[in-house]
Amino acid sequence: MTTLVTGAFGCIGSWVMRGLLADGERPVAFDLGDDPWRPRMIVGDDVAERVTLVRGDIADREAVTRVVQEHDVRRIIHLAAWQVPLCRQDPSRGALINVVGTANVFEAARAGGRVECVVYASSAGVFGPPSLYPPGPLRDDAPPHPTTHYGVYKVANEATARVYWEEHRIRSSGFRPLTVYGPGRDLGVTATPTLAMKAAVLGRPYELRWGGSTDLIYVEDVARALIRAARATLDRARVYNLHGSAAALTDVVRVIETAWPQAKGLITHVNQPMPFASALDDTRYQRDLGPAPATALVDGVRRTLDEFARLHQDGRLDARELG
């Protein structure tokens, strides 16, 4: 069965394609970009020969519908989106890409007639700051209270998925990670732990732009969850929190320094916490699609540092986002 991956050149998209290829699939990669540098880094230099590349805009409904029909797509993993900073900078364009783009994916699934399910990335950004909730990890059914345009758009997408199930019986699963980290993560508010790891390998000082605690999940775990849901036969429009390792940023810095002693003293952070939950409860995900043990923080950090070191040795570590 053919799987379409939208936003395929992004961090999670690259890891999803890596997972699909490892399982013997040839995914269709849909992206507006023309340089698949992240997929080359995550999958390999031959990625363009191993997947079907289709350049297109998620905001173009006809283009999305066409790729679904022309490639007889049966499963869609929808990841095309703008992150928090771009949505803040241009809310109208952000809504077009994140909200209208998601509606286009569901319309394409409905028009195609052979799509079995849509799996998409929501976000823990649908929730508000910890002060609005009882102590402890946030459950899947905690009320939304987004504090960013990005979070508002994700709430809208979850509701869109529900309506497409109620009106057209299109099955879907949405996933809410918080701080995704690992090779390829370089954009967005929660990218800073990964950027700190990259700076550590390069021997550069780096200040994390926020403090407090967060729920960190290794990117390969997120990709695995998306693929698992795409192959499941669950009905309805479901939404799942994803939990990795709840940790304070001081502990993240300590883990980096332990794994990469040369970085000791280079990584600092401010004390201002992010306006998001600090821990998520993934009981529903584990019940429906598990067991799915998360990668331990020390192991995920070690893998990320090792990969960055390998890329740096090969002269292929892109560090433009570090300035």
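**Exercise 1.** In which loop is proline 144 found? Then list its contacts beyond the sequence neighbourhood.

*Solution.* Work on the predicted model shown above.
- Step 1: place the residue. Proline 144 sits in the loop between strand 5 and helix 7 (149–168).
- Step 2: list the contacts. Leaving out residues up to four places away in sequence, proline 144 touches Val126, Phe127, Tyr133 and Val155.
- Step 3: take one partner, valine 155. It lies eleven residues from proline 144 along the chain, and their C-alpha atoms are separated by 7.4 Å.

**Exercise 2.** Trace the order of the strands in the seven-stranded open sheet, and find its edges.

*Solution.*
- Step 1: read the order. The seven strands run 3-2-1-4-5-6-10, with parallel pairing.
- Step 2: find the edges. Strand 3 (52–55) and strand 10 (237–241) each pair on one side only.
- Step 3: check the twist. Neighbouring strands are turned by 20° against each other on average, direction ignored.
- Step 4: zoom in on one pair. Strand 4 (residues 73–78) and strand 5 (residues 117–121) pair in the parallel sense over four bridges. Histidine 78 stands opposite tyrosine 120 in strand 5.
- Step 5: add a helix. Helix 4 (residues 61–70) packs on the sheet and touches strand 1 (2–6), strand 2 (28–31), strand 3 and strand 4. The direction of helix 4 makes about 175° with that of strand 2.

**Exercise 3.** Is glutamate 257 buried or exposed? Find what its side chain reaches.

*Solution.*
- Step 1: locate the residue. Glutamate 257 belongs to helix 10 (residues 249–259).
- Step 2: apply the cut-off. Buried means under 20% relative accessible area. Glutamate 257 has 17% relative accessibility, so it counts as buried.
- Step 3: list the contacts. Neighbours within four places in sequence are set aside; glutamate 257 is then in contact with Ala263, Lys264 and Gly265.
- Step 4: look for a polar partner. A polar atom of the glutamate 257 side chain lies 3.0 Å from the backbone nitrogen of glycine 265.

**Exercise 4.** Which element gives the most to the lining of the second largest pocket?

*Solution.*
- Step 1: note the space. The second largest pocket holds about 160 Å³.
- Step 2: read the lining. It includes Trp15, Arg18, Asp23, Glu220, Arg224 and Arg228.
- Step 3: assign elements. Helix 1 (11–22) and helix 9 (219–231) are the elements that give two or more residues to this lining.
- Step 4: pick the top contributor. Helix 9 gives the most, with five residues.

Definitions and conventions. Residues are numbered from 1 along each chain as its sequence is written. This is a predicted model: local features need pLDDT of at least 70, side-chain atom pairs count only at pLDDT 80 or more; totals for chains, interfaces and linings use all residues. Side-chain values use heavy atoms; hydrogens and water are left out. Buried means under 20% relative accessible area, exposed over 50%, partly exposed in between (1.4 Å probe, protein chains only). A polar contact is a pair of N or O atoms within 3.5 Å; within protein, one must be able to donate a hydrogen and the other to accept it, and residues adjacent in sequence count only if both atoms are side-chain atoms. Contact means heavy atoms within 4.5 Å. Two strands pair if DSSP finds at least two bridges between them. Axes are lines fitted to C-alpha atoms, for helices over the stretch in contact, and angles run from 0 to 180 degrees between N-to-C directions. On a 1 Å grid over the protein atoms alone, a cavity is a set of points where a 1.4 Å probe fits but cannot get out, and a pocket is an open set with protein on both sides within 12 Å along at least five of seven lines; lining residues have an atom within 4 Å of a point. Grid points are joined across faces, edges and corners, and a volume is the space filled by probe spheres set on the points.
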